[in-house]
Structures are given as C-alpha cells and as structure tokens.
Amino acid sequence: MPERRVVVGSKVGLHARPAALFVQAAAKQPVKVTIAKDGRDPVDARSILAVLALDVRGGEEVVLATADAEGAETALDELATVVATDHDAK
Amino acid sequence: MATPLRGVGVSPGVAVGPVALMGGEVPEPPAGGAAGLDAAAELHAAKAALEAVAGELETRGRAAGGDVQDVLEAQAMMVRDPSLDDQVETLTGQGRSAARAVWEAFTVYRDVLAGAGEYMAARVADLDDLRGRTVARLLGVPVPGVPHPGHPYVLVARDLAPADTAVLDATSVLGFVTEEGGPTSHTAILAKSLAVPAVVGCAGATGLADGTRVIVDGGTGEVRVDPSEAEVRAAQARVAARLAARGQATGPGATADGQPVSLLANIGGPADAPGAVGAGAEGVGLFRTEFLFLDRTDPPTIDEQREAYQAVFDAFPAGAKVVVRTLDAGADKPLAFLDLGGEPNPALGQRGLRAVRRVPEVLADQLEAVGTAAAASGADVWVMAPMVASADEAAWFRAQARRQPIGKAGVMIEIPAAALRAGAVLAEVDFVSIGTNDLAQYTFAADRLVSELASFQDPWQPALLELVARVGEAGRDSGKPVGVCGEAAGDPLLALVLVGLGVTSLSMAPGSLADVRLLLGRHTMADCRRLARLALEASEAGAARRRVREAASGVDELGL
C-alpha cells in the first residue's frame, strides 16, 4: 500500500488553517487518503474533525496512506507537500 | 393586528422590521427512540439542516471577509465533515430522530476533542455552537446566541450581556426589544451608542415569532405587532425624518433662545475619543479613568497615565472642555493595590473618594498625571471626584487638586446627602456633575445591579428630579456650572427637563448627541422650565414622561 512519512511544517501543527488546507486538499483527490500518527488507527483525511482529534503538533511525523489505485502516488505527493509546508511563514 | 406590547422606551426613535429572536440554550433532544420514525426521512432532514447551517456560515463569512471568513469557513467544514455525516446516517438507521442523531454525532467529536485537553477548548466551543445551531433548526427553536438573519432586523431577547453585544453586527440591527432589563441595562447603553430605538422590560416580547413584523417606538415604549400598511408607512416616514434631521444637527448646543448648554460625551478611554469628536461632542463631560487601573497588581505610573490623558485631550480641538473623573474604585471594582477586604454591601461601602482617601498617594499621582498632561495640551481640563457625600469631602478633594495646574476642581453628586446640601458643596468647589444612575440607586435604596429593581433606575422619577432641581438651584445661586453625566442626559426629552431644572451641561453616549442637540434647539429656556414643572408635578415616572412628551414640540417631526 503506497504511503508517505511526513514531518509537519507548520508550528501550530495540523490545527486551525493548516488543518483546513490539508482537509480541503484531501477532499479534492480522486482517491481516499488516510492520515495516522504514532502507529494509531488511520483516519479519513477528508474529515476535519478526525484530523483535529489526532492533535498533531508542529514537527511531529504523520503517515499518509492510500489504496493502490490510479492517481494514488500523485495524491500522496500533493498532500505530503501540504503537510510539510510551513503555512505560518508567509 | 395584535394588541401592542408595552415596555419602557430607553433609546428614542422608531424602527420597522422583522423580529429576529436571540435563542437561549438549545435543549438536548430526548434519547428514547420514538416509534414509527422513518429512518430515511430523518436522515434527509438531518442532512438538510446540516447543509443549511453550513451554507449560512459561508454566506456570513463571504459578507464579513478577512479573518472572520476563515473562521466561519472552517466551521462550515466541520458541519460538512464526512465522518459526521456517516455517524448521523448510522444513528438515524438505528431509529434516532434527526435532532437526536445530530446531537449524538456532534457529541462524539466534542468529547474526543475535549479529551485532547486545553488546546482544543476553542474547537469544543465551536462544536457546541454548531450542534446548537443545527439542532435548533431541526426542533424549530431560535438559534442560540445573537442572530444573523442576513437582513436588517429587530433584535428580540430576554436580555443582552456584554458578550452578546460584542458579536453583534451593528449595521443590521434596526432596534432592540428585551423582555427584561431597565433604563441602565446593557441593552439601553448599547442602543444609545448605536442611536437605534430600544424598548426594555417588555413583557411578552420573547413570545414573538421569528420574522414577525413589528414597529418599535423607543420613545413611548410601545411595540406594535403585525402593523397595518398605513402604520408601517407612518413609521417609515418618522424613520426618514429622524435620519434627515440628525444629519442637520451641528454646532454647539443651545436652547432656541440662545442659552448655551454644553453637549459633551462620556468616554472610557482614548479609544472612545475619535467617535465622540465625530458625533459632534463639544468635549468630554465624563472621562472614566478606571481602564488604567483595572486588572493589574500595581497602580499605573504617572507617565503611563499622562500619556493616556494626553491622547484624549489632544483628540479634541483646542479649548474643548474635558472633565476627568478620578479613580472610582470600590469593592465591586476591586483593585489589587487597594485592599478593602470583603464588604457585605459594596454599593454602600468604601467606594470612590472614600476608597481613594485610604491611599492618598494614588490620587496624588493621578492628579499629577492629569496636571502634567493638561499643561502640555490645549484642552480646558477639569477634574472631579466620585462618591462625595459632604462639603468636607469636597473641600479635601479641592485641596488635593489645587496642587496641580488644573482648570477647575469639582465633585460628582451621586449621594442624596450631597444633593440636599448642594449649596454647601458648591461653596467648596468650582462645579458639580450629577451622576443620575447612582443618585437613583441611593435615593430609592435599590441596587442598580438587581434587575428585578430596574424600574427604580428610571431617571424620570419625580423624586430624583426634585434632587436635581435642588442642585440646579444651588448652581444658579452660586453661578457655578451643574452638569449631568448619567443615562438621563442622553434622553432628549429628559434633557429638556434637566435644562429647565438648572443644568448647564449634558454629557452622554456620543450616539445620543444629535437627538439632544436637535430637540434642545427647538425649545426656549422658558419652555424647558415649563416642561420641568410638568415632570416634577407628575405622580410617577411614566406619567412624567408622557406629560413632557405630549407638551414638547417637534417630537413627531424629528421622529423621536
């Protein structure tokens, strides 16, 4: 199963605006992507509530995963970029 | 047409528009699954409600723009969350009603986020709010909190708290009607600052349905429900007349026969000064200085105070009068550096000048800061002390103020004893200013913070007006200025009465200045004295208000 390990770039972590940007990007993908932290159960990346509940802080590593389907690799690359970007630095 | 509702008019003018109710807490829908629910229909209803709430948040966000838009769009995302959707689908499938399913689904995430600790407190509050909004829609009850109907509206509520008014979209509120509250309630103060009509203490108001058309008359206290087209047209004409008249209200305050009456603003810090200047205030009749002292462990330095005072003095044209009230502390406004201990009855305790006399160095510093700022500015700076009961206290304060280059030193008349002995008090100081809110509280032995006693705060009460008359007479005899700086001064009809009783300056919320200036300009001093007699001879506040309203000129023409 394709996956990416990414360190969160925004200081606030996946909260507030960075979380919203991530979830919006996930909703645009042709495949369902999950996000997990600390080896716990992965959650739907399109769910803002589930993503917030993960309580990911800046500098922590998350695992993005998806089923092996067409567009999977591109989707993971795109979302990995969103996670790694520091959205506070503008 | 239904019978009109009646309350107390606390901010003049007329408004016509649809009611938007401010809801209370939304009840938790009962857990027991009702028999015979159609799961598909419940799911459909739940999804429609969620979509409607999300759509409303986005519409409001687009209208607001900026940071507010980001916040509201993030909230809309939560409402549209696919996991939430799945939960709702599962729960309705198990026989829950739409409202119950939505409640439980939000609660699942609310509890998860609450478990994640302090950091998530704001998101938990968001979810509570969103849950309340969606469930209120499904139950057909008013949405909790301040409404945002997306069009101009008359806000109807039980009462308003400062927190509610902070999130109120002031541009679309046409008027206020509250079931509770009195003339000095937060609603009254807010309505005056926005210059929109308000009726408080209006029984039956919260029974009105959302969207019902009403005419609110902030002068008479009447709320007409489902008015006729003719009534609506008449009310709209009054609204237009008031707008047109307010636009022409400029220049210093004076009676029709040219007797000047300074029209001043009440302000609570430098941030309020530009608004007061913009509203045409000739100066400041009450500059509250508590903002410098609250929420800190040490008193502010002289320099810090001087800067704040200077900012206010410089906001007004040279020569403008600015009356600084020295620190009004007390057990109800506790200050860390002024330990008063617990008092069983703070309103009758060590307040105002009484409290400050325990720490005279705090007063000395404040007067020095005022004096230094005054010397460096073009403003005509006066100082006054709050909560003065006797001529002796007035003399003590004058002696402190005289050490600084400050134009005039005076005291507030808030205690009946000081009003009764106004002649003796005025012999010691250069001016007095009547604080009608506290004077009412002490005259009627009615705590102004107890809402059940709100009617005792009505400044039209003849007993209160008699005390004002006594102070006015002492002012005339001594040739010294007598101001009023309570809510009373901003009521245009009552302002006429006060001037007739001998008051020489009126200080109010800036929003009230235009109405007061207009009505004053239509009455001579003789008119004002005649209206004052009518009020004094009335049996009670309501009668005084009606008699003066009927006898005054231009009330309808100016749309008051």
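**Domains, strands and contact surface of a predicted two-chain model**

In chain B, the domain assignment distinguishes domain 1, made of residues 5-22 + 147-243, domain 2, spanning residues 39-139, and domain 3, covering residues 249-551. The structure described here is a predicted model, and the account begins with the overall build of chain B before turning to particular elements. Between domain 1 of chain B and domain 2 of chain B, the C-alpha centres are 31 Å apart.

The secondary structure of chain B amounts to 21 helices and 16 strands, and its C-alpha atoms occupy a box of roughly 85 × 60 × 40 Å when the principal axes are used. For 560 residues, a compact globule would be expected to have a radius of gyration near 24 Å, and the value of 27 Å found for chain B agrees with this. Of the 560 residues in chain B, 51% are buried. When contacts in chain B between residues at least 6 apart in sequence are considered, 68% of them join residues at least 24 apart.

Part of chain B can be followed through strands β9, β10 and β11. Strand β10(B), residues 283-287, has 5 of its 5 residues buried, and it is therefore largely enclosed by the rest of the structure. On one hand, β10(B) pairs with strand β9(B), residues 262-267, in the parallel sense over 3 bridges, and within this pairing I267(B) stands opposite F287(B) of β10(B). The chain passes from β9(B) to β10(B) by way of helix α9(B), residues 273-278, in a β-α-β crossover that is right-handed. On the other hand, β10(B) also pairs in the parallel sense with strand β11(B), residues 321-325, again over 3 bridges, with G283(B) standing opposite K321(B) of β11(B). Here too a helix lies between the strands along the chain, since β10(B), helix α10(B) (residues 302-315) and β11(B) make up a right-handed β-α-β unit. In a regular strand the side chains alternate between the two faces of the sheet.

Further along chain B, helix α18(B), residues 492-500, is mostly covered, with 9 of its 9 residues buried. The buried residues of α18(B) are P492(B), L493(B), L494(B), A495(B), L496(B), V497(B), L498(B), V499(B) and G500(B). Their cover includes the helices α17 (462-478), α19 (513-520), α20 (525-537) and α21 (541-551) of chain B, together with the strands β15 (482-484) and β16 (505-508) of chain B. After α18(B) comes G502(B), which has a positive phi, near 110 degrees.

Chain A contains 3 helices and 4 strands, and from the N terminus on its elements follow the order β-α-β-β-α-β-α. The radius of gyration of chain A is 12 Å, close to the 12 Å that the globule rule gives for 90 residues, so chain A is as compact as a globular protein of that length. Its C-alpha atoms fill a box of roughly 35 × 30 × 20 Å along the principal axes. Of the 90 residues of chain A, 38% count as buried, and among contacts in chain A between residues at least 6 apart in sequence, 70% join residues at least 24 apart.

The 4 strands of chain A form an open sheet with the order β1-β4-β2-β3, in which the pairing is antiparallel. At the edges of this sheet stand β1 (3-7) and β3 (43-44) of chain A, each having a single partner strand, so that one side of each is left without a neighbour in the sheet. The partner of β3(A) is seen in its pairing with strand β2(A), residues 33-36, to which it is joined by 2 bridges and relative to which it runs antiparallel. Within this pairing, V43(A) of β3(A) is the bridge partner of I35(A).

The two chains meet in a contact that takes 13 residues from chain B and 12 residues from chain A. On the side of chain B that touches chain A, the elements giving two or more residues are the helices α2 (66-79), α3 (82-93) and α4 (98-115) of chain B. Among these, α2(B) provides the largest share of that side, with 4 residues. Sorted by class, the side of chain B that touches chain A has 9 nonpolar, 1 polar and 3 charged residues.

Key: Residues are numbered from 1 along each chain as its sequence is written. Chains are lettered from A and ligands numbered from 1 in the order in which they are written. This is a predicted model: local features need pLDDT of at least 70, side-chain atom pairs count only at pLDDT 80 or more; totals for chains, interfaces and linings use all residues. A residue is buried if 20 or more other C-beta atoms lie within 10 Å of its own, exposed if 12 or fewer, and partly exposed in between; C-beta atoms are placed from the backbone. Two strands pair if DSSP finds at least two bridges between them. A crossover is right-handed if, with the strands pointing away from the viewer, the path from the first strand over the helix to the second runs clockwise. Domain bounds come from an automatic or database domain assignment. Two residues are in contact if their C-beta atoms, placed from the backbone, lie within 7 Å. Ala, Val, Leu, Ile, Met, Phe, Trp, Tyr, Cys and Pro count as nonpolar, Asp, Glu, Lys and Arg as charged, and the others, Gly among them, as polar. The radius of gyration is taken over C-alpha atoms; the globule rule is 2.2 Å times the number of residues to the power 0.38.
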